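Me: I have a model open and want the reasoning behind its labels. Let us take them one at a time.

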Amino acid sequence: MKKALAIVETEHAAKYLTQLCKHFAHKVDVSVDGNHGECRFICGTAILDADDRELRISVMSPDEAQLRETKSVVERHLIQFAFREAIDALRWQSLTEASAQS
């Protein structure tokens, strides 16, 4: 399983989590519980966690190609929803199995 993480510093993290999950729920399986959301795409899964200062986006997919697609889908939509903040491309970090479980 390939994994990556992006952290977006914003005081609107909970708002973006809600927007992303509501938007994706029209086409894929989504679950939301407070400031935690999971979006299960065909290409992979995105896990979103928000607090008062950041949005953490973890993505996982079976291979690199699907991981790129999952990251791209989430990133494009976040940038679209956060247009007032002019969020640029996200800085994704690759995660190994061990560090992702810590």
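Me: Why is Cys39 called buried?

Reply: Cys39 has a relative accessible area of 0%. Buried means under 20% relative accessible area, exposed over 50%, partly exposed in between, with a 1.4 Å probe and protein chains only. Cys39 is therefore buried. Bear in mind that this is a predicted model, where local features need pLDDT of at least 70, side-chain atom pairs count only at pLDDT 80 or more, and totals for chains, interfaces and linings use all residues. Residues are numbered from 1 along each chain as its sequence is written, and side-chain values use heavy atoms, with hydrogens and water left out.

Me: How many disulfides does the structure hold?

Reply: The count is 0. Cys39 is in no disulfide, and the nearest cysteine sulfur, that of Cys21, is 4.0 Å away. A disulfide is a pair of cysteine sulfur atoms within 2.5 Å.

Me: Why is the sulfur of Cys43 not in a bond with that of Cys39?

Reply: The two sulfurs are 11 Å apart, too far for a bond. Cys39 holds the closest cysteine sulfur to that of Cys43.

Me: Is Cys43 buried or exposed?

Reply: Cys43 is buried, because its relative accessibility is 6%.

Me: What makes Glu38 partly exposed?

Reply: Its relative accessibility is 24%, so Glu38 counts as partly exposed. Glu38 sits in strand 3, residues 36-40.

Me: Which residues are in contact with Glu38, leaving aside neighbours within four places in sequence?

Reply: They are Asp29, Val30, Ser31, Ala46 and Ile47. Contact means heavy atoms within 4.5 Å.

Me: How many helices and strands are there in the chain?

Reply: The chain has 3 helices and 6 strands. These are DSSP runs numbered from the N terminus: helices are H or I with at least four residues, strands are E with at least two. In sequence order the pattern is β-α-β-β-β-β-α-β-α.

Me: Why is the chain called as compact as a globular protein of that length?

Reply: Its radius of gyration is 13 Å, close to the 13 Å that the globule rule gives for 102 residues, so the description fits. The radius is taken over C-alpha atoms, and the rule is 2.2 Å times the number of residues to the power 0.38. Along its principal axes, the C-alpha trace spans about 35 × 25 × 25 Å.

Me: What share of the residues in the chain is buried?

Reply: Buried residues make up 40% of the 102.
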